[in-house]
Amino acid sequence: STHLEGKPELVTHLVEGYARPESALLCGQMLREAARHPPLCALALRPELLRRFMGEFVQEASFDVASDAFATLRDLLTRHKDVAAAFLTAHYAEVFGLYNDRLLTSENYVTRRQSLKLLGELLLERANFNVMMQYISDKSNLKRVMIMMRDNSANIQFEAFHVFKVFVANPRKPAEVEAILLNNRDKLVAFLENFHNDKEDPQFIEEKQLLIATLKGLG
């Protein structure tokens, strides 16, 4: 790892290895191994490299390559909480612009579902508190998540719910976010009362009831 630390171009080459099908999986394995070390993880978390991950590699037609690239991306954003939080804070606009425009709207269903699940995890990670507050203070993010809760896929709906609950639970909602929730309150309550009623997970049932109660108490 010390050898790589002084040579950021080697980390770049590993990332770019995803562009070649014959080297993609090997480079992915080496990248995840390197990312166990915080300084190397920080070297891989650069805007220009993230653009390639989100815009190209996780969108690959090859399921194996796309899945491996997403596993690496997930590792980089979750393994070292403080390193990732510093990166996400410093490059918030670009990272979440890409996240919203490329990952959450991906034509690849698996990428879309995994991205939504990862988004929920990132927002609930304590180290990312400032990032979470910025994300859930943006009304366009709320609108996007509300649309995804009505997706044709039950799995996408369920992952979207876990992001939506962060908006509703925020005790310091900006006026424009609160206004959207208030204007749609009756529809949202009716929707949630019939949302995934087949699920027997006690935590989900409790969270859903809490959201309904919070929405009813708005205004």
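User: In this predicted model, which residues of helix α5 (residues 47-55) are buried?
Analyst: The model is predicted. A residue counts as buried under 20% relative accessible area. In helix α5, spanning residues 47-55, the residues that meet this are P47, L49, L50, F53, M54 and G55.

User: What covers the buried residues of α5?
Analyst: The buried residues in question include L49 and F53. Their cover includes helices from both sides of α5 in the numbering: α2 (8-16), α3 (21-34) and α4 (38-44), together with α6 (63-78), α7 (81-90) and α8 (92-103).

User: T12 lies in helix α2; which residues is T12 in contact with, leaving aside its neighbours within four places in sequence?
Analyst: T12 belongs to helix α2, and α2 is among the elements covering the buried residues of α5. T12 counts as buried because its relative accessibility is 17%. With neighbours within four places in sequence set aside, the contacts of T12 are R46 and L49.

User: Are α6 and α9 roughly parallel or roughly antiparallel to each other?
Analyst: Helix α9 covers residues 109-124, and its axis lies 11 Å from that of α6. The two pack at an angle of about 10 degrees. Angles under 35 degrees count as roughly parallel. The pair α6 and α9 is therefore roughly parallel.

User: How many nonpolar, polar and charged residues are in the contact of α6 with α9?
Analyst: From α6 the contact takes F63, F70, R74, L77 and T78. From α9 it takes V110, T111, Q114, S115, L118, E121 and L122. Sorted by class, the contact of α6 with α9 has 6 nonpolar, 4 polar and 2 charged residues.

User: How far apart do the C-alpha centres of domain 1 and domain 2 lie?
Analyst: The protein is divided into domain 1, residues 1-105, and domain 2, residues 138-218. The separation of their C-alpha centres is 31 Å.

User: Which helix gives the most to the largest nonpolar core?
Analyst: The largest nonpolar core has 72 residues, and F164 and L192 have the most contacts inside it. At least three of the core's residues come from each of domain 1 and domain 2. The helix that gives the most, with 9 residues, is α12 (residues 154-169).

User: Which residues does F164 touch, not counting residues up to four places away in sequence?
Analyst: F164 is one of the residues with the most contacts inside the largest nonpolar core. Residues up to four places away in sequence are not counted. On that basis F164 touches L142, V145, M146, M149, L181, L188, L192 and L211.

User: Does K165 count as buried or exposed?
Analyst: K165 lies in helix α12. Not counting residues up to four places away in sequence, K165 touches L124, E207 and L211. The relative accessibility of K165 is 15%, so K165 counts as buried.

User: How far apart in space are L40 and D186, C-alpha to C-alpha?
Analyst: L40 is found in helix α4 and counts as buried because its relative accessibility is 2%. Along the sequence, L40 and D186 are 146 residues apart. In space, C-alpha to C-alpha, the distance between L40 and D186 is 49 Å.

User: What is the phi of H196?
Analyst: H196 lies in the loop between α14 (185-193) and α15 (202-216), and is buried with a relative accessible area of 11%. Most residues other than glycine have a negative phi. H196 is not a glycine, yet its phi is positive, at about 50 degrees.

How values were computed
Residues are numbered from 1 along each chain as its sequence is written. This is a predicted model: local features need pLDDT of at least 70, side-chain atom pairs count only at pLDDT 80 or more; totals for chains, interfaces and linings use all residues. Side-chain values use heavy atoms; hydrogens and water are left out. Buried means under 20% relative accessible area, exposed over 50%, partly exposed in between (1.4 Å probe, protein chains only). Helices (H or I, at least four residues) and strands (E, at least two) are DSSP runs, numbered from the N terminus. Contact means heavy atoms within 4.5 Å. Axes are lines fitted to C-alpha atoms, for helices over the stretch in contact, and angles run from 0 to 180 degrees between N-to-C directions. Angles under 35 degrees count as roughly parallel, over 145 as roughly antiparallel, 65 to 115 as roughly perpendicular and the rest as oblique. Ala, Val, Leu, Ile, Met, Phe, Trp, Tyr, Cys and Pro count as nonpolar, Asp, Glu, Lys and Arg as charged, and the others, Gly among them, as polar. Domain bounds come from an automatic or database domain assignment. A nonpolar core is a set of buried Ala, Val, Leu, Ile, Met, Phe, Trp, Tyr and Cys residues joined through side-chain atoms within 4.5 Å.
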